[in-house]
Amino acid sequence: MDAWLRVFASGNRVQEGQYFDPTDYKQWHSAQDVQESNRVRRFADQIFGAQWQIGLDDVLRRLTAMDQLGGTIQVGKLYLKIARKDDSYWRCTECERVHMHRGVGRCTRCYAPLHVPRTGRVEELWDSNFLGRRIVRGAEQGIPRFRLKCEELSGQTDDFSDRLRRFKDIFVGLDNLVGQHAQEIDMMSVTTTMEVGIDIGSLQTVYQANMPPQRFNYQQRVGRAGRRGQAFSFVTTFCRGRSHDAFYFRHPESITGDPPPAPFLAVDHNPIPLRLLRKVWLRQAFAVVRNEAIRDGLPYPGDDLTPPDVHGEYVPTTEFYGVGSAWPDKLRKALDETDEVRQRFIRTAVLKPAQRQQLLEMSAPDTLIGEIMGLAAQKPRVRGGLAQFLAEQGLLPMYGMPTRVRDLYLGARREPGVVPEDYDWSLMDRDLEMGIYEFAPGAVLVKDKARHRVIGFTGPLPEPERRGSDIIVDPPKSDWFGEATHVAWCGACGAASHTADRPGAPIACSDCGVDVPEDAFNYYVSPSAFRTDFRATSKDVETAGQMAIRTVATIQHDGVPSTVGSLTVHAGAGTTIMNLNSGVEDETGQAKFFCADIVTDNDVMGWKNVTVPEQAIDPDIERIAGNPRWTLTAPLGMRFGLLARKETDALFLETTGFNRRLNLDLVARRGLRSRIGARSAAVSATHLLVQKAALVLDVAPDKFEALEPRLRGDSPMLQIADTLINGSGLCRRLGEPGTDGRPQIVRLVEDVLGDDRQWPLRDFLKEDHVTRCSTSCYVCVQQYQNRRYHPLLDWRLALAYLRGMMDPHYTCGLDGNFDGHPELRGWLEKAHSLAQDVTSMRPRTLRYVRVGTQGRIPCIEERTVDGRLERRYAVVHPLWRLDAASAHEFGIAPDGNQLCFVDTFDLERRPLNALRFAAIRPEDNALTR
């Protein structure tokens, strides 16, 4: 009977087993009740042959006599015998399964005969198994054993409350003690969802797999242990090999004692109350429009919108913006009728009198209608909610509504304890900006110890419904994507251009003026939802590589310019930030993009006669041709990328009068107007300004988004945006004029460069920081939020770039003065040291020499093996323009050999490659205009 227990377990007849459904199983009272396909029946056929029915009836009777009823096994009524090292075991010669006894003389998996002589002793199994060796060694050393059952708990967990109860040892409707022990959870692997607001119970230990972003995150997480009268708690944080974790590993007092950021409320920022005013007013106006339609016996199109618009019951975009639509005129009339709502909101709002008058002037009925109709060209491609569209365009508040959250459908999940069975979708969700990377086709995600492979896109799916004995899944509620646009990158400067439709002729780049050819524009879509193959597996699955090559495009909307010296501040500006995923790169470095065919899924979770149409499946990830699961309905045959767009407020700093002997203008994304050292300096300057602005406004730095620099004509431009969609008022405040008439951001730049009593100079110029930090660290420019840019950041270059923007006479050491400004002190010594370090890497072919006036400039000579001089590399500052005029200024006399320039930024980070690139880099004098 011991062998039959194993067979019954293989047939999923153990009541405490993972795959046993107590609400959906058939009791076996006789052999006739056993399905022919079940392993128990097949084993009986092998053992008893033609007498299988008599033999299996006898097995069921003997189980019943042992109080194992209905052909099921209850673990609590079994006895467990621990094997001794001298016990025998038998290994099947066909399938390699190990048996601790011969049983009925056949393998319980493949039914092959088991030979009479034993294969060996149990001690051999212990020695060949990792856990067995650990247990034996623990027993020999007197180390006690303990159980450790671990499960995950996150905001994506399907049955969140049940898992939390089992962690707290609370069991509902389960009286079986063995079953309780089997389901009890000892360790919970959680995400940051558990940081606040969830009662996770009494904890003794918290183990953090990485260092939290800031002090208050650390405090919230470790504070979960040691509550409710516990005498002690134990917290361990594993610091990974990255700059953020390394800093706090060296300075643990910072993660436990740094002050938390203070809240910030932009009460005097007119766009915020104006959005709320529009929301209140339009709500009442569309209610009037709806009532009039019903009174006239006409259908109101907002009532049948699927899915409904959580922002408001307005007329859908298709009907409102349709050609010849009467709805705008009806809305205009309703705004006049409900103007008292607008007036009452302004009177009762807690605002200053002057701000009330401003809102009154900015919110006239004609103004509001004009703003709404002005967005007609950007309306969604498919029918959608007008209120959601206006919120995403910045006219209405977002309120934290989940309209930018995208679902990933993993499959159907049976609702526990419901008879007959009901199902709902098992989901993961992300904000759209994250979803286009993490949920892209080809990605593999893990949830509840199972791996799920993303294969394409879908519209939002209705929940599965039980109709009689059948499960029904209705078609998706909307198309698989909503917004679409075409984006191209300028080949000369790398700036982004975008159009709703593919242009029929070249378009001039808005930054450098060079024509962008029409065939450079690629198609990008914003998916409605993502889906997997609905076939979760616990095994490793083949992945298609990295599915998320992050690209950010910014579209500038002009603000009000204010010129202070050589600096022009564009205040009150807006920007469109487009996060793009173009797929993986091919062997030539070109983006491969994604592909999708529209198909019908004919095999949804194995349900009979259930199909889901309008599924966009990537044929590069999932085979469609010849696969009976998929019926091809519309082969698209096009390539596209994924898009997440948001509108927000921004601030732009443009410099026009800088010293042209410096390369501040070489900050383009690519092309001849791009130098990695200059671009790094501009990026560092932007992040330094963000941290200074956050300090002055008393907010967290992550409230700002430090955008990459760009080139407008011949002028470099730094870009800072509000992180929140539609803006939060922070950038607007930085652009406001002070008592001296200058924007606040200008005063911040001056403080950064000249006030050594305040951050940053106060901290940057401390002797220990100057000595220890050669590029950047967490004391200066690095932060958790900018960790993607850590390899580029350099506090000295940030100061030099800002000073070059402010002072048109700044030479950055070209005049030989390296002591006049803090960012230049020690640079010359560092340059000589780097040159010597590089020559030591290839001493046979590289030689360190001094050139120029008084041997001031370090130089690296490259020679052949026989000693012939091939070229010279002058080591220069990253912000010096590299041309023949520079060689003359340095006092480097021509000697007929090739003279190349290599800057200290490249030489410090990639020394030998820097020399190779310098040998083929063109002079900068061809770039000046």
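Helices and strands are here DSSP runs, a helix having at least four residues and a strand at least two, and they are numbered from the N terminus. In this predicted model, that numbering places G17 in the loop between α1 (2-10) and α2 (39-48). With a relative accessibility of 28%, G17 counts as partly exposed, because that class lies between the limits of 20% for buried and 50% for exposed. Although 162 residues separate G17 from G179 in sequence, their C-alpha atoms are 9.3 Å apart in space.

Confidence should be considered before the details. The chain has an average pLDDT of 87, and 95% of its residues score at least 70. Over residues 925-929, however, pLDDT stays under 50, and for this stretch the model has ten contacts beyond four places in sequence. Where pLDDT is low, the predicted coordinates should not be read in detail.

Further along the chain from G17 comes an open sheet of three strands, with the order β2-β1-β3 and antiparallel pairing. Its edge strands are β2 (98-99) and β3 (120-121), each of which pairs on one side only. Strand β1 (residues 88-91) is joined to β3 by two bridges in the antiparallel sense, and within this part of the sheet Y89 stands opposite G120 of β3.

Helix α5 (residues 130-141) allows a check on geometry: at 1.5 Å a residue its twelve residues should span 16 Å, and because the C-alpha atoms at its ends are 17 Å apart, the model agrees with that expectation. At the N-terminal end of α5, N129 acts as a cap, with a side-chain oxygen 3.0 Å from the backbone nitrogen of L131. Just after the helix, G142 takes a positive phi of about 75°.

Strand β22 (residues 567-581) can be followed through its pairings with β21 and β25. Strand β21 (residues 560-564) is joined to β22 by five antiparallel bridges, and S562 has V569 in β22 as its bridge partner. Two residues lie between the strands of this hairpin, where G565 takes a positive phi near 65°. The pairing of β22 with strand β25 (residues 630-655) is also antiparallel and comprises 13 bridges, with G574 facing D649 of β25 as its bridge partner. Strand β22 is mostly covered, since 14 of its 15 residues are buried.

Helix α19 (residues 676-697) has 22 residues and reaches 31 Å from its first C-alpha to its last, close to the 32 Å expected at 1.5 Å a residue. Of these 22 residues 19 are buried, so α19 is largely enclosed by the rest of the structure. The helix is followed by D698, which has a positive phi near 60°.

Another open sheet has four strands in the order β28-β29-β30-β31, with mixed pairing. Strands β28 (846-851) and β31 (898-903) stand at its edges, and because each has a single partner strand, one side of each is left without a neighbour in the sheet. From one strand to the next the twist averages 30°. Strand β29 (residues 857-863) pairs with strand β30 (residues 869-876) over five bridges in the antiparallel sense, and I860 has Y873 in β30 as its bridge partner. Helix α28 (residues 911-920) packs on this sheet, touching β28, β29, β30 and β31, and its direction makes about 135° with that of β31.

How values were computed
Residues are numbered from 1 along each chain as its sequence is written. This is a predicted model: local features need pLDDT of at least 70, side-chain atom pairs count only at pLDDT 80 or more; totals for chains, interfaces and linings use all residues. Side-chain values use heavy atoms; hydrogens and water are left out. The expected span of a helix is 1.5 Å times one less than its number of residues. A polar contact is a pair of N or O atoms within 3.5 Å; within protein, one must be able to donate a hydrogen and the other to accept it, and residues adjacent in sequence count only if both atoms are side-chain atoms. pLDDT is the predictor's confidence in each residue, from 0 to 100. Contact means heavy atoms within 4.5 Å. Two strands pair if DSSP finds at least two bridges between them. Axes are lines fitted to C-alpha atoms, for helices over the stretch in contact, and angles run from 0 to 180 degrees between N-to-C directions. Buried means under 20% relative accessible area, exposed over 50%, partly exposed in between (1.4 Å probe, protein chains only).
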